[in-house]
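Q: Could you take a close look at one part of this model, the helix packing and the pocket beside it, and go through it in a connected way?

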Amino acid sequence: MRTPVLAALLLFAGSDRSQHSAEAHSAKASDPIAALIDRHFEAQWAAAKIVPAKLANDYEFFRRLSLDVLGRLPKPDEVKAFVADPSPKKRAEAVDRMLASD
């Protein structure tokens, strides 16, 4: 099911909560829904004494996103374009683009 919650969870799964990357921090500061979801997960992790995994690199993130949302591996030209994109919002934009696709 394609919903904004799924998109938020996908972004959360690909972000680094232990080191708060610039992208994660800016997304958290600008999106109150993402911040609410982050606080919920962080509280659960703290209660269970779980340390989240490190930030997935762009290749890993895009591959996982494509498999989870589109059900297929990304094409080589899609990966190259994503990795070459200098935008700090490229992960959020990729999620939105894939969720909007047929």
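A: In this predicted model, helix α4, which covers residues 58–70, packs with helix α6, residues 90–100, at an angle of about 20°, and their axes lie 10 Å apart. Angles under 35 degrees count as roughly parallel, and α4 and α6 are therefore roughly parallel to each other. The crossing in which α4 passes α6 is right-handed. On the α4 side the contact is made by Asp58, Phe61, Phe62, Leu65, Ser66, Val69 and Leu70, and on the α6 side by Lys90, Arg91, Ala94, Val95, Met98 and Leu99. Sorted by class, the residues of this contact of α4 with α6 comprise 9 nonpolar, 1 polar and 3 charged.

Helix α4 also packs with α5, here at an angle of about 130° and with the axes 10 Å apart, which makes α4 oblique to α5. As α4 passes α5, the crossing is right-handed. In this contact Asp58, Tyr59, Phe61 and Phe62 of α4 meet Glu78, Val79, Phe82 and Val83 of α5, a set that has 6 nonpolar and 2 charged residues but no polar ones. Asp58, Phe61 and Phe62 of α4 thus appear in the contact with α6 and also in the contact with α5.

These helices also take part in the second largest pocket, which holds about 180 Å³ of space. Of the 13 residues that line this pocket, those closest to its centre are Phe62, Glu78, Phe82, Arg97 and Met98. The elements that give two or more residues to the lining are α4, α5 (76–84) and α6, and α6 gives the most, with 4 residues. By class, the lining of the second largest pocket divides into 5 nonpolar, 2 polar and 6 charged residues.

Some of the residues closest to the pocket centre, among them Phe62 and Met98, also belong to the contact of α4 with α6. Likewise, Phe62, Glu78 and Phe82, which are among the residues closest to the centre of the pocket, take part in the contact of α4 with α5.

Methods. Residues are numbered from 1 along each chain as its sequence is written. This is a predicted model: local features need pLDDT of at least 70, side-chain atom pairs count only at pLDDT 80 or more; totals for chains, interfaces and linings use all residues. Side-chain values use heavy atoms; hydrogens and water are left out. Axes are lines fitted to C-alpha atoms, for helices over the stretch in contact, and angles run from 0 to 180 degrees between N-to-C directions. Angles under 35 degrees count as roughly parallel, over 145 as roughly antiparallel, 65 to 115 as roughly perpendicular and the rest as oblique. A crossing is left-handed if the near helix is turned anticlockwise from the far one by less than a right angle, and right-handed if clockwise. Contact means heavy atoms within 4.5 Å. Ala, Val, Leu, Ile, Met, Phe, Trp, Tyr, Cys and Pro count as nonpolar, Asp, Glu, Lys and Arg as charged, and the others, Gly among them, as polar. On a 1 Å grid over the protein atoms alone, a cavity is a set of points where a 1.4 Å probe fits but cannot get out, and a pocket is an open set with protein on both sides within 12 Å along at least five of seven lines; lining residues have an atom within 4 Å of a point. Grid points are joined across faces, edges and corners, and a volume is the space filled by probe spheres set on the points.
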